[in-house]
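User: I would like to go through how some terms are applied to this model. Please set each value against its cut-off.

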Amino acid sequence: MRLIPLNALALLVVLAFASPVLAAEAGQEGGKLDFLGLQRYDLGIYTLIVFGLLIFVLNKYAWPKIKVGLERREASIKGALEEAKRERQEAKNVLEQARKQLNETALQVKAMLDEARRDADNLRTEQREIGVKEAQAERARAKREIETRMAGLSKDVYEQAVTLAALMAEKALRRQVSISDHQRLLDESLAELQSAANKA
Amino acid sequence: MAHETEKQKINPFSHVVDSDHIEILPTIGLEIHGLAIGGVPIKFIIFITISALVVGWAMIWLGRKMQTGEPPQGKLWNLLEYLVFFVRDWIARPGVGERDAPKYLPYFTTLFLFIFAMNLMGMLPFLGSPTASIMVTGALALVSFVVIHASGVSEMGGAKYLKSFTPHIHIEGGAGMQIFAKVLTIGMAGLEYLTAFIRASVLAIRLFANMLAGHTVLFMILFFIALVSDPRYVVPIAEGKDWLFYPVSIFSVCLVVALSLLELFIAGLQAFIFTFLTAVFIGLAKHPPH
């Protein structure tokens, strides 16, 4: 009530009481079209005045504040919208940066993998070469050992053969040997040679 | 014949038009009388005043709330803000355009809410709608008439605005055809000037007729109950059939409930139509099509 001027209220009250008197002065007529209330021009005048006052009061006490509120709301929404746009741009930038970093990381990983693969290949080649060299050295060493052993064995066989020949010669000199004896001696000698070789 | 002497003339408009009393429960004598000054009823004057006070209070309250610039909180704040935005988005902007909408928004909102409040008064039990009076709607239409043409004059000047009612008719031909074109122009200009008044009259009559007819229909449907049960009224088809009271009562009440919901919608719709047409006419006055 503080916001509605007292004089406006007073005017309303005066009009409320005055308008019927105005209508009464105009006279009332009965008839079938009474429901139209065409003689009630006091209602029309009262409506005009009340509506006029309402517009006046609202234009003075309500609409300036509503306008201010709407402007503030608009500014607030505009600010929020701009902030949202800015944040969206920032997020876009961050996303772009992250994507860029991701791409760089992917490239780095690829490079590292390539390097690792290259290192592995190199290592494999080196190892293979080393292995081949070692195998060759081992083979050469084994060959040398075999040759040494063969030489030793040959010497042993030679010595055994000499011993056997001497033995056979000794036995041949002691008695007359037949073909069958000769055969048997030869077999014994070979058997001894074999057992001597096995022992060696 | 006893019935005939007691038979009363029914006035279906008695509950809808202005009167000096409010009937709450007349059968038990619960009525408010003496709403008259100098023999002239002031029921509608009271309702118009209440409607104006309600609208005034609501908008001032909304202004104080909106001034803070905070988002709306609570049902009332949201409702009132929605109504303001509804008028802006559905009436002011389509009617007068984006540029002029802020200038006319206070008028449109006040007009819409004032009519809506007065229409809703008729939906409150035992009360009535002041817009069921042609003088009330006529006064509002008169204001709209002034605003419409004042807008046109302020936009293009008095002479140019008056000239805008005259259509440009071009007919090729001899002197006869040119005279015919002149006559046609004068005739159409006359019609256009007449239309300016007809538009305002139609605004008043449409609102008045809808509110009067709607509330009268509601009354008549409920009145069927009295017709079949009250001995003061003689209806040949209902004579000696007391049981008719029950089906007629159920039917009438159900139908009135349904139609009351429709009336509630119409209360808003008619306020919208009145305000929207005012906006459209202002738009046409400011920017005439020819």
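User: What makes Ile171(B) partly exposed?

Analyst: Ile171(B) has 13 other C-beta atoms within 10 Å. A residue is buried with 20 or more other C-beta atoms within 10 Å of its own, exposed with 12 or fewer, and partly exposed in between, with C-beta atoms placed from the backbone. The count of 13 falls in between, so Ile171(B) is called partly exposed. This is a predicted model, in which local features need pLDDT of at least 70, side-chain atom pairs count only at pLDDT 80 or more, and totals for chains, interfaces and linings use all residues. Residues are numbered from 1 along each chain as its sequence is written, with chains lettered from A and ligands numbered from 1 in the order in which they are written.

User: Where does Ile171(B) lie, and which residues is Ile171(B) in contact with, leaving aside its neighbours within four places in sequence?

Analyst: Ile171(B) is in the loop between helix 5 (158-163) and helix 6 of chain B; helices are DSSP runs of H or I with at least four residues, numbered from the N terminus. With those neighbours left aside, its contacts are Met177(B), Phe180(B) and Ala181(B). Contact requires C-beta atoms, placed from the backbone, within 7 Å.

User: Why is helix 2 of chain A called roughly parallel to helix 2 of chain B?

Analyst: The axes of helix 2 (residues 41-61) of chain A and helix 2 (residues 43-66) of chain B come within 10 Å and cross at roughly 10°. Angles run from 0 to 180 degrees between N-to-C directions, and axes are lines fitted to C-alpha atoms over the stretch in contact. Under 35 degrees counts as roughly parallel, over 145 as roughly antiparallel, 65 to 115 as roughly perpendicular and the rest as oblique. The crossing of roughly 10° is therefore in the roughly parallel class.

User: How many residues of each class does this helix contact have?

Analyst: The contact of helix 2 of chain A with helix 2 of chain B has 14 nonpolar, 4 polar and no charged residues. Ala, Val, Leu, Ile, Met, Phe, Trp, Tyr, Cys and Pro count as nonpolar, Asp, Glu, Lys and Arg as charged, and the others, Gly among them, as polar. Participants include Leu54(A) and Gly56(B).

User: How many residues does each chain give to the contact between the chains?

Analyst: Chain A gives 40 residues and chain B 39. Helix 2 of chain A gives the most to the chain A side, with 15 residues.

Notes:
Helices (H or I, at least four residues) and strands (E, at least two) are DSSP runs, numbered from the N terminus. Two residues are in contact if their C-beta atoms, placed from the backbone, lie within 7 Å.
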